[in-house]
Amino acid sequence: QGALYCRRRAGSSGSARREKGTGKDLRMDGIFLAAGNSRRFGENKLLYALGKKPMYRYGLESLYEAQRTGCLEHVIVVSQYEEIFQDIAKNFPKVLTVKNPEPNLGISGSIRLGLERLKKISPGSEGCLFAVADQPGLTCNSLKRLVRFWNQHSYNIVSAGCDGQMKNPVIFSTDYYEELMTLTKDAGGKAVLYRHLEEVGICQIDKKETEDIDTFEAVWAWN
C-alpha cells in the first residue's frame, strides 16, 4: 500500500538486501536531526513547550521506544543544544549523541555528522531512518510501520507519505550514504530522494504525524 515508485535492487553496489518475501528483517538504525536554528519560528522551537514537554521530546521518545523494542538498533541524535544532550544522558541511556558545532551550515552538516558516527559503530547496518525533531506527532507505531514496509519490499528508499506527498521520516539504504554526505548547506535528504525517484517507495502514515511545527500558529493548531 502507498507504493508510488519501485525498482528492485538486483545487483545494487554494496547491497546485501534480500529479495521481497524471504521474511528476513535487516538491521536498521536511526538518526534524529535536532540541531536547527528555528529561523522561521523566531526562537528555539525544539525546546518550546508543547503540552508538558519540549517539542523535540515527542519524536525522541518515539525513536527510543522503537529502539527499545528492537525496531532500530542504534539511535543517534545530532544537536547543538546542551539541554537535549543532558536530557538524553539522564533519561535515554541507549541513545548516542553527536554535537554539531556549526549548525549555521545547514541540515547537511547534521546528516554528515550523524552518518560519520553511524558508519563507525554499525558497519553491518542495511539502512538508516532519518527523522526530524519538529514533527511532534510522529509515533513509534508509524516508525515501526515504515521499517516493516522497508523489510517487506525491495525499495532502496522509503519515505513516509500523506496526501500524495513525500514526507519525513525517510529511510535510505547504505547505498546512498556517500551521496548524502556530499550534501551542502540546507540541502536535506529530499535532494537525494528526488534524484532517485525510481528507487522510492511511499508508506502512508497519518497526516498529523507528518506535520512540521514551524510557526506559533502551527503550535496552536497542533495543541
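Which residue in strand 6 is the bridge partner of Leu 33? Keep that in mind while you get your bearings; the answer comes up at the sheet. One thing before you start clicking: this is a predicted model.

**Stop 1: the whole chain**

Show everything as a cartoon. You should be able to pick out eight helices and nine strands. Now colour by burial: 52% of the 223 residues are buried. The accessible surface is about 10,300 Å², and carbon and sulfur atoms own 49% of that. The chain also folds back on itself a lot: take the contacts with a separation of 6 or more, and 71% of them join residues 24 or more positions apart.

**Stop 2: the sheet**

Select strands 5, 4, 1, 6, 8, 7 and 9, in that order. They make an open sheet of seven strands with mixed pairing. At the edges sit strand 5 and strand 9, each pairing on one side only. Look along the sheet and you'll see the strands turn: neighbours are rotated by 25° against each other on average, ignoring direction. In general, strands of a sheet pair through backbone hydrogen bonds, either parallel or antiparallel.

Zoom in on strands 1 and 6. They run parallel and are joined by six bridges. Here's the answer to the opening question: Leu 33 is partnered by Val 132 in strand 6. Now bring in helix 1, which packs on the sheet and touches strand 1, strand 4 and strand 6. The direction of helix 1 makes about 170° with that of strand 1.

Slide over to strands 7 and 9. This pair is parallel too, over five bridges. Ile 157 stands opposite Val 200 in strand 9. Is strand 9 mostly open or enclosed? Four of its five residues (200–204) are buried, so strand 9 is largely enclosed by the rest of the structure.

**Stop 3: the nonpolar cores**

Select Phe 32, Val 77, Val 158 and Ile 171 and show their side chains. These have the most contacts inside the largest nonpolar core, which has 34 residues. Quite a few elements supply at least two residues each, among them strand 1 (28–34), helix 1 (55–68), strand 4 (75–79) and strand 7 (157–162). Which helix gives the most? That's helix 4, with six residues. Such a cluster fits a general habit: in soluble globular proteins, nonpolar side chains tend to be buried together.

Stay on Phe 32 and show what surrounds it. Beyond residues up to four places away in sequence, Phe 32 touches a long list of residues, including Tyr 56, Leu 60, Leu 63, Val 77, Ala 131 and Val 132.

There's also a second, separate core of 24 residues. To find it, select Leu 115, Phe 130, Tyr 176 and Leu 180, which are among its members.

**Stop 4: the two sides of helix 2**

Select helix 2 (82–91). Its buried residues are Ile 84, Phe 85, Asp 87 and Ile 88. Look down the helix axis: these buried residues fall within an arc of 160°, so they line one face. The cover over them includes strand 1, helix 1, strand 4 and strand 5 (96–99). Spin the view to the face turned away, where you'll meet the exposed residues Gln 86, Ala 89 and Lys 90. The general background here is that an α-helix has 3.6 residues a turn, so residues three or four places apart point the same way.

**Stop 5: backbone oddities**

Most residues other than glycine have a negative phi, and most peptide bonds are trans. Now look for the exceptions.

- Select Asn 168 and Pro 169: a cis peptide bond joins them, with omega about 0°. Pro 169 lies in strand 8 (residues 165–173).
- Select Asp 163, in the loop between strand 7 and strand 8. Asp 163 has a positive phi of about 55°, and its 60% relative accessibility makes it exposed.
- Select Lys 185, in the loop between helix 5 (177–180) and helix 6 (189–195). Phi of Lys 185 is positive, near 55°, and at 64% relative accessibility Lys 185 counts as exposed.

**Stop 6: Gly 188**

Gly 188 is in the loop between helix 5 and helix 6. Buried or exposed? Buried, at a relative accessible area of 18%, where the cut-off is under 20%. Leaving out neighbours within four places in sequence, Gly 188 contacts Ile 107, Ile 111 and Leu 183. Finish by drawing a C-alpha to C-alpha distance from Gly 188 to Ser 108: they are 80 residues apart in sequence but 5.7 Å apart in space.

Key
Residues numbered from 1 in each chain as written. Predicted model: local features only at pLDDT ≥ 70, side-chain atom pairs only at ≥ 80, totals over all residues. Heavy atoms only, no water. Core = buried A, V, L, I, M, F, W, Y, C linked by side-chain atoms within 4.5 Å. Buried < 20%, exposed > 50% of the residue type's maximum accessible area, 1.4 Å probe, protein only. Contact = heavy atoms within 4.5 Å. Pairing = 2+ DSSP bridges. Areas by Shrake-Rupley, 256 points an atom, 1.4 Å probe, with all protein chains shown as cover. Arc of directions from axis to C-beta. Axes fitted to C-alpha atoms, helices over the stretch in contact; angles between N-to-C directions.
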